[in-house]
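Student: I would like a close look at a single part of this model, namely how two of its helices pack against each other. Please take me through that contact carefully, and then place it in its surroundings.

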Amino acid sequence: MKLHRKKYSIPSTIGMVIVVCIVMAPLYIMVVGAFKPNLSLIQAPVDLVPFKDFTMSNVKKVLAESEVFLWLKNSFIFSLAVACATIFISICAGYSFAKINFRGKTVFFSMVIATMMMPKQILMIPNYLVANKLHLQDTMAGVILTSIAPAFGIFLSRQAISSLPSELFDAAEIDGCGEVGKFFRVVVPLSMPTVGTIGILSFFSTFNDYIWQTIMISNKNLRTLPIGMSYFAQLQNNNKAAQLAMALIATVPLAVLFVLCQKFFIKGATAGAVKG
């Protein structure tokens, strides 16, 4: 029996290496620059040799002269609350669109999908006016409620739940389960990869949302990490090394979180892609 070896194209390999280098270049600059003296980054040519002139002074400066832990805490609170709310709404709506027949279902689902094509910036003014009218501006509840965006989550949930065998729901109904029972006993356990994907996407989107949080937040005690990083960068305008150290500190928690949750993300992203 002959073994078929994979053939590698030299041009495609070179192209892939170039793309990887371009993508990894900012990460390399951030990691190396965070532990360099500022002089090494403002001189010409820039010194980005790793482990040369290694210093922890930039990290210490960030920890001493900024409220980075407060910003991280606020960002995690906002992002976790938005992710939980988005998951709940998405799974409930996705189950309704996938397995429950009601009048106008196609029209309502089309309306949900249509909102995915609208740029987020279009909704900023009406969302701000509503939040201001309800006195939710510059409050934790206001930021959370106006950041919930379940349209993509509803679409993803519907696709995943639609792929579940109808026999499972019939068996649950024979056992005496109503819609609520079928939801919690069948849908929720089998939708955990989708839940993970929706949660990760929603969490990261809220965590990195700079424009809307800047509009809604003026209280320094409610500043999130994106706002805090912008404020710190203004104070350290000429200190590029300190700015890179702040970026590195902000990146580490998200990188660890994504590594821990990537299995759920991959499974959820492909759920419902193949039926049967």
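Tutor: In this predicted model, helix 4 and helix 8 are oblique to each other, because the angle of about 50 degrees at which they pack belongs neither to the roughly parallel class, which ends at 35 degrees, nor to the roughly perpendicular one, which begins at 65. The axes of helix 4 and helix 8, the latter spanning residues 151-162, lie 7 Å apart, and the crossing of the two helices is right-handed. On the side of helix 4, the contact is made by Ile89, Ser90, Ile91, Ala93, Gly94, Tyr95, Phe97, Ala98 and Lys99, while helix 8 contributes Gly153, Ile154, Ser157, Arg158, Ile161 and Ser162. Sorted by character, the residues of this contact comprise eight nonpolar, five polar and two charged.

Helix 4 itself covers residues 68-99, and residues of this helix also appear in the nonpolar cores. Ile91 and Tyr95, both named in the contact with helix 8, are included in a core of 15 residues, together with Phe169 and Phe183. That core is the second one, and it is separate from the largest nonpolar core.

The largest core, for its part, has 24 residues, among which Val68 and Leu225 touch the most other members. Helix 4 is one of the helices that each supply at least two residues of this core, and the others are helix 3 (57-65), helix 11 (192-207), helix 13 (225-235) and helix 14 (240-270). The largest share, ten residues, comes from helix 14. When residues up to four places away in sequence are left out of the count, Val68 touches Leu63, Leu225, Met246 and Ile249.

Two loop residues deserve a separate remark on their backbone. Asp53, which is placed in the loop between helix 2 (38-42) and helix 3, has a positive phi of about 60 degrees although it is not a glycine. Asp138, found in the loop between helix 6 (124-133) and helix 7 (140-145), likewise has a positive phi of about 60 degrees without being a glycine. Asp53 counts as partly exposed because its relative accessibility is 43%, and Asp138, at 23% relative accessibility, also counts as partly exposed.

Conventions. Residues are numbered from 1 along each chain as its sequence is written. This is a predicted model: local features need pLDDT of at least 70, side-chain atom pairs count only at pLDDT 80 or more; totals for chains, interfaces and linings use all residues. Side-chain values use heavy atoms; hydrogens and water are left out. A nonpolar core is a set of buried Ala, Val, Leu, Ile, Met, Phe, Trp, Tyr and Cys residues joined through side-chain atoms within 4.5 Å. Buried means under 20% relative accessible area, exposed over 50%, partly exposed in between (1.4 Å probe, protein chains only). Helices (H or I, at least four residues) and strands (E, at least two) are DSSP runs, numbered from the N terminus. Contact means heavy atoms within 4.5 Å. Axes are lines fitted to C-alpha atoms, for helices over the stretch in contact, and angles run from 0 to 180 degrees between N-to-C directions. Angles under 35 degrees count as roughly parallel, over 145 as roughly antiparallel, 65 to 115 as roughly perpendicular and the rest as oblique. A crossing is left-handed if the near helix is turned anticlockwise from the far one by less than a right angle, and right-handed if clockwise. Ala, Val, Leu, Ile, Met, Phe, Trp, Tyr, Cys and Pro count as nonpolar, Asp, Glu, Lys and Arg as charged, and the others, Gly among them, as polar.
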